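Open the model in your viewer and keep the selection box ready. This tour goes stop by stop: select, look, move on.

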Amino acid sequence: MASFNVSINDDNILENDEDFILTIMRGTLPDGVTRDGDGQATVTIVDDDDVTVRFSETTYSFNEGTGHAQPALVVSNPSSTDITVLVRDTQNTATRGVDYNSGPYTVTLTAGMTMASFNVPINDDDILENDEDFTLSIRSDTLPNRVTRLGSGRSTVTIVDVDILKWTCL
Ligand SMILES: [Ca+2]
Ligand SMILES: [Ca+2]
Ligand SMILES: [Ca+2]
Ligand SMILES: [Ca+2]
């Protein structure tokens, strides 16, 4: 018996297992030596690249007047296929459907990308008020195979009231 090495590339991309076929070349065998069967063997490269997903920041602040919050999701390493993530919202001092558009929001990390931002419309209400916040969380039960949430998968978004500025400008 004699073993030999075939180099395989340890990439960091989440992907399916991959395979290729080795074939003993018949024409190169010495006289009197024949292949057993088709002389082939299949080699499977088992992927080892699991992915975690999280928010780019644990807290965000956006001015009410900008019209939308723009949080972002980050994955630990790229994937060979798109990763779709569902994000749900929980209101706190901000009221869902009033101060901001309620979720859930669907965020797609395109194949090969490690970051995706998304928009949550916020309502510029012209009401002088305190800053208001709500919480975003990554839904773990809808993540694709081998993609998991890092930590709690939560982030707090603060809507910074700007209406006080309008009044002081008068
Ligand atoms: Ca790898
Ligand atoms: Ca891989
Ligand atoms: Ca408000
Ligand atoms: Ca306001």
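Two strands count as paired if DSSP finds at least two bridges between them. Keep in mind that this is a predicted model.

**Stop 1: a strand pair.** Select strand β7, residues 83-91, together with β8. The two pair in the antiparallel sense, over 5 bridges. Now pick V85: V107 in β8 stands opposite.

**Stop 2: the sheet around that pair.** Extend the selection to an open sheet of 5 strands. The order to follow is β4-β13-β11-β7-β8, and the pairing is mixed. Go to the edges, β4 and β8 (105-109), where each strand pairs on one side only. Ignoring direction, neighbouring strands here are turned by 30° against each other on average.

**Stop 3: the four-stranded sheet.** Select β9, β6, β3 and β12, which form an open sheet in that order. Its pairing is mixed too. β9 (115-117) and β12 (147-149) are the edge strands; each has a single partner, so one side of each lacks a neighbour in the sheet. The average turn between neighbouring strands is 25°, direction ignored. Inside this sheet, highlight β3 (residues 51-55) and β6 (residues 72-75). They pair in the antiparallel sense over 3 bridges. Click R54: its bridge partner in β6 is V74.

**Stop 4: a calcium site.** Select the calcium ion (ligand 4) and show its donors. Which residues coordinate this ion? E64 gives two OE entries, and D125, D161 and D163 each appear with OD. E129 contributes OE, while I127 contributes its O. The distances run from 2.1 to 2.5 Å. Along the chain, the donors follow the spacing E-x60-D-x1-I-x1-E-x31-D-x1-D.

Keep E64 and D163 highlighted, as this pair links distant parts of the chain, 99 residues apart. E64 lies in the loop between β4 (59-63) and β5 (68-69). D163 belongs to helix α1, residues 163-169. Are these two residues buried or exposed? Both E64 and D163 are buried.

Now add the calcium ion (ligand 3). The calcium ions, ligand 4 and ligand 3, are 4.2 Å apart. D125 coordinates both.

**Stop 5: a buried charge.** Select E15, in the segment before β1 (18-23). E15 is buried yet has no salt bridge. How far away is the nearest side chain of opposite charge? That is R146, at 7.5 Å. Show the contacts of E15, leaving aside neighbours within four places in sequence: D47, S80 and R146.

Terms used
Residues are numbered from 1 along each chain as its sequence is written. Chains are lettered from A and ligands numbered from 1 in the order in which they are written. This is a predicted model: local features need pLDDT of at least 70, side-chain atom pairs count only at pLDDT 80 or more; totals for chains, interfaces and linings use all residues. Side-chain values use heavy atoms; hydrogens and water are left out. Donors are N, O and S atoms within 2.8 Å of the metal (3.2 Å for Na, K and Ca); water is not among the atoms, so sites may look incomplete. Buried means under 20% relative accessible area, exposed over 50%, partly exposed in between (1.4 Å probe, protein chains only). Axes are lines fitted to C-alpha atoms, for helices over the stretch in contact, and angles run from 0 to 180 degrees between N-to-C directions. Lys and Arg count as positive and Asp and Glu as negative; His and the chain ends are not counted. A salt bridge is a side-chain nitrogen of Lys or Arg within 4 Å of a carboxyl oxygen of Asp or Glu. Contact means heavy atoms within 4.5 Å.
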